[in-house]
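Work through the exercises below with the sequence and the coordinates at hand. Each task is followed by a stepwise solution.

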Amino acid sequence: MYSSTGIEASNFVSSYNTAFWFIVGISLALLTGLTIAMLWFVYRYNKKRNKVASPVEGNTWLEITWTVIPVLLALGMFYLGWSGWKPMSKPPEEGMTVTGVARMWKFSFMYENGKQSDELIVPLNTPVKINLISLDVIHSLFIPAFRIKSDMIPGRKKLMWFIPETEGKYDIFCAEYCGLDHSYMRSSVSVLPKEKFDAWYIDTTKIAVVPEEAGPGAEGETIMRTQGCFACHSTDGSKIIGPSYLNLFGEQQTVVRDGKDVIITVDEAYVNKAVFDPNSEIVKGYPRNLMQSYKGVLTNEDVLKIIEYLKILNEESATQ
Ligand SMILES: [Cu+2]
């Protein structure tokens, strides 16, 4: 994985770099010019060399020069910045759309065909538009190699787009401090040639849908996918941020309630509480305050559908 300084990984790299080096160049020229002038004045007009202060009358041409030149330089910086930024807010009609979901502390990307991935996979030379969604706090999707960054704000629709122009794998970071594991909130974007991308995209067998489409549990699965539950809960028994959904429903679980360990059975009432009031009972060994309440987001009916999915998940794994 490389962050690329030399290569043009996206359509925004060259205009961005032009503005960047223009500003750096002006800053360096001003720094050296001012430092040299300052040192010269210290040397030439110190008390030994210039015993009597000489009053200086105004000099119109000098004043015009040092007003007009910096104004032009500042306008030049503005122009390059503006003209490089403007196309970023104007996505083209064509191309593909991906939904990028941020959640403490993970990105996931959902494709139009239902495919879901924690890493962004995109085809070379195709415009990619990303709908930016945050499910909890403000995050920021930052792809340094592509020279693009955008905040992801809960409750607000935002779009980011780019055309990947060089094959490779590049870093993605969260660029907005979003809590404890912010610094681990990383992902990557892989730019593949069109044929390789298509092969990956068409292969929907790896989509994490356990129930048959429209079968029992499918609705619950869809709810959880759109709410981002799978960012923290796996379906294969592995621990991610929260406990796995596999073999959860109907099993015994040790939870901490009012500071005391209690053994409970995961039933409907318990799942309801876990979803609407997650901090009242914390599964032993897991941190408090990670899972947010879904009060007002999900209904009791939604929770019943989720429970149906949890049951199906156990049955599916038992028959395999
Ligand atoms: Cu973040």
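The exercises cover confidence, domains, sheets, backbone exceptions and a helix pair.

Residues are numbered from 1 along each chain as its sequence is written. The model is predicted: local features need pLDDT of at least 70, side-chain atom pairs count only at pLDDT 80 or more, and totals for chains, interfaces and linings use all residues.

**Exercise 1. Determine which parts of the protein chain carry the lowest and highest confidence.**

Step 1. Take pLDDT, the predictor's confidence in each residue, from 0 to 100. Its average over the protein chain is 87, and 94% of the residues score at least 70.

Step 2. Rank the elements, which are DSSP runs numbered from the N terminus: helices (H or I, at least four residues) and strands (E, at least two). Helix 4 (residues 218-227) has the lowest mean pLDDT, 81, and strand 6 (residues 139-143) the highest, 96.

Step 3. Look for weak stretches. Residues 206-212 have a pLDDT below 50, and this stretch makes 18 contacts in the model beyond near neighbours in sequence; a contact means that the C-beta atoms of two residues, placed from the backbone, lie within 7 Å. Where pLDDT is low, the predicted coordinates should not be read in detail.

**Exercise 2. State how the protein chain is divided into domains.**

Step 1. Use the bounds, which come from an automatic or database domain assignment. Domain 1 covers 13-50 + 58-86, domain 2 covers 96-203 and domain 3 covers 218-319.

Step 2. Place the C-alpha centres: those of domain 1 and domain 3 are 60 Å apart.

**Exercise 3. Give the strand order of the two open sheets of five strands.**

Step 1. Count two strands as paired if DSSP finds at least two bridges between them. One open sheet runs 3-2-1-5-8 with mixed pairing. Its edge strands are strand 3 (116-117) and strand 8 (158-162), each pairing on one side only.

Step 2. Check a pair: strand 2 (residues 106-111) and strand 3 run antiparallel and are joined by two bridges. Phenylalanine 109 is opposite serine 117 in strand 3.

Step 3. The other open sheet has the order 4-10-9-6-7, again with mixed pairing. Strand 4 (120-123) and strand 7 (148-152) each have a single partner strand, so one side of each lacks a neighbour in the sheet.

Step 4. Strand 4 pairs with strand 10 (residues 186-192) in the parallel sense over four bridges. Proline 123 has leucine 192 in strand 10 as its bridge partner.

**Exercise 4. Locate the cis peptide bond and the positive phi.**

Step 1. The bond from methionine 104 to tryptophan 105 is cis, with omega near -5°. Tryptophan 105 belongs to the loop between strand 1 (96-103) and strand 2.

Step 2. Asparagine 125 is not a glycine, yet its phi is positive, about 60°. This residue is in the loop between strand 4 and strand 5 (128-134).

**Exercise 5. Describe the contact of helix 5 with helix 6.**

Step 1. List the residues: Glu268, Val271, Asn272 and Val275 in helix 5 meet Val303, Ile306 and Ile307 in helix 6.

Step 2. Classify them, counting Ala, Val, Leu, Ile, Met, Phe, Trp, Tyr, Cys and Pro as nonpolar, Asp, Glu, Lys and Arg as charged, and the others, Gly among them, as polar. The result is five nonpolar, one polar and one charged.
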